[in-house]
Amino acid sequence: MTQRNHTPRHSVRGASQRSARQHAQSPRTTRGSRGAAARPSVRGQQARPSRYAAPTRGKAKSRGRATTTVKSSLGEATFTPGPNSSIGGQRPSAASKAPDAKINIPLPEGESLTITRRQLLLGAVGVGVVAVAGVAATALSSEKSADSEVDALSVAKDAVFSIADCATEDAPLSLAGEYKLPYGSLVWANSDTYAACLLPTENSTPLTQAAVLTLATGEYSVALSGPTSKERGFDIYDVRCNDQGMVWVESNCFSGQWRVYASTLSRGTAGTAQLVDSGDSNWDIPYITVAGNRAFWQVMPTSSGDASASSSALKSAAFGSSDVRVDWESNGRFSTAPYSTGDAVCISPRSEASSSYSQLTLIDADTGAMRESLTLPASMRPLEAAYVNGRFSFTFDSIYTYGEGLASLGTYAPTSTDGSGPWFCFDRNPLCAPAWCAGNLIVKSTRAIAGVDLDGRSMFSLDCPDDCDNYGDFLASQGDVKNLVTYLGMSSNEDDKYTLVRVWKA
């Protein structure tokens, strides 16, 4: 496609919108804003709700291989009120309401106790306090019992090293290509062949288009020139692709409705769109990803909508099919967006034993079965979760007063695949999930993209152009990759603004 040179309409979405958590019970220090280091965005029509609303307590359930198909959203919540039990079946007599009226209370062994109604009323206050305290103690005891059954991750402070402990080395990656996209474009690379792009337009209708960028050549083709939905107010909100297919979300800024579509992909050209899910303002706009030959998306109820008591779910559908598989259900909100490893998806539902724990879970894309899991300490909610080079990695954007070696903000990863060795913390405010390339953990730093050799305790950074936007280079790749994809905004020249996509190879 011929390269376009224009200044599109766009906006910048502060990454702090994604980290507005409601940890009412977490004694921690929270960073209030991510400042200038925010991801550029063309999603000006509406802000995505936070993933961290108050959780619904309950158990997360693994579905494994699905035995049924679903062709709609989780549906509207159905509330069944409890029976309206009356207290006392008859109207009390005037005599019984007298303060000094005597009341007989039968006791065990055939005995009885006679007290006045005044004594009963005064004593009821104490009885009520005792009853409430008993219920609270029982609930606390049950929670502690559940917590004691959880095999949560524990890392000592002296088992964690950070950036200060790493030597600086030259980057083992070299620049393989630089490509221009319209300024304000967003890029996601879930394969070594293609990257999905959300492009802003010069018009208000549509606001965005979806394109497929070929990483080897830099050519991109517009796969979706506008939303599939024809009703007024719908726009393409998010998109992902790999070598086999594409998934995207369309949302309506007027009605709050959203729809998830998927299609096959052949040489950068999308096939027939299949509607695989839909919902309204009672549900968050789904986070999406792709793995293997399937599209994946997370559906979560809003914290204050009519469906707030409903479960959250990870769903998937094969490209070219409208049959939907529910891979995982959770009676609490997922802590992170789904992360693609290429042939699996990493999610973070609540632990089955106790909803105060986040359980990082790797789901096989083909079967929907769980491969591995890792439970984080209680009440510690990750911003992002990943699975790279045979190990889980996660990020915290808050500083905790507990958690030993995991208390600081940053990106964490173990040096060994079994987690038995030391852990590394890239102690900078995290902005996205990490990737893995050329034997290095790849992390978005404050401005540049950094790589860390976990075994050798050395690190490098990829230089940014001097005249790029303040947020610097942003990481587009996920999983273990051969072609590392980054992108940044170039806006110093008002007459020639563009998004610069860069491809790196070892």
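Helices and strands here are DSSP runs, numbered from the N terminus, with at least two residues to a strand. In this predicted model, that numbering puts Glu404 in the loop between strand E29 (398–400) and strand E30 (410–414). The backbone at Glu404 stands out a little: phi is positive, about 55°, although the residue is not a glycine. Glu404 counts as partly exposed because its relative accessibility, 49%, falls between the 20% and 50% cut-offs. The C-alpha atom of Glu404 is separated by 9.1 Å from that of Asp158, with the two positions 246 residues apart along the chain. Asp158 also belongs to a loop, the one between helix H2 (117–148) and strand E7 (160–162). With a relative accessible area of 74%, Asp158 is exposed, since the cut-off for that class is over 50%.

Arg457 is another non-glycine residue with a positive phi, again about 55°. The loop that holds Arg457 runs between strand E34 (449–453) and strand E35 (458–462). Arg457 is partly exposed, at 35% relative accessibility. The side chain has an aromatic partner too: Arg457 lies over the face of Phe161, at 3.9 Å from the ring centre. A lysine does much the same elsewhere, with Lys180 over the face of Tyr498 at 4.3 Å from the ring centre.

As a backdrop to these backbone details, most residues other than glycine have a negative phi, and most peptide bonds are trans. The bond joining Thr205 and Pro206 is cis, with omega at about -5°. Pro206 sits in the loop between strand E11 (194–200) and strand E12 (208–214).

Turning to the rings, the structure holds 11 aromatic pairs. One of them is made by Phe394 and Phe396, a tilted pair at 5.4 Å centre to centre with 55° between the planes. Both Phe394 and Phe396 are buried. Phe474 and Tyr487 form another tilted pair, with centres 5.9 Å apart and an angle of 50° between the planes. This second pair links distant parts of the chain, as Phe474 is in strand E36 (residues 474–475) and Tyr487 is in strand E38 (residues 484–490), 13 residues apart. Phe474 and Tyr487 are buried as well. As for Phe394 and Phe396, they belong to one aromatic cluster together with Tyr400, Tyr402, Tyr412 and Trp423.

Strand E25 (residues 359–364) is a mostly covered element, and six of its six residues are buried. Gln359, Thr361 and Ile363 point one way from E25, while Leu360, Leu362 and Asp364 point the other way, and residues on both sides are buried. E25 has a pairing partner in strand E24 (residues 344–347), with four bridges in the antiparallel sense. Within that pairing, Ala344 has Asp364 of E25 as its bridge partner. E25 also runs antiparallel to strand E26 (residues 370–375), and five bridges join these two strands. At one of these positions, Gln359 stands opposite Thr375 in E26. E25 and E26 make a hairpin with five residues between the strands, where Gly368 takes a positive phi near 80°.

How values were computed
Residues are numbered from 1 along each chain as its sequence is written. This is a predicted model: local features need pLDDT of at least 70, side-chain atom pairs count only at pLDDT 80 or more; totals for chains, interfaces and linings use all residues. Side-chain values use heavy atoms; hydrogens and water are left out. Buried means under 20% relative accessible area, exposed over 50%, partly exposed in between (1.4 Å probe, protein chains only). Rings of Phe, Tyr and Trp (its six-membered ring) pair if their centres lie within 6.5 Å; planes under 30 degrees apart count as stacked, over 60 as edge-to-face and the rest as tilted. A charge sits over a ring if NZ of Lys or CZ of Arg is within 6 Å of the ring centre and within 35 degrees of the ring normal. Two strands pair if DSSP finds at least two bridges between them.
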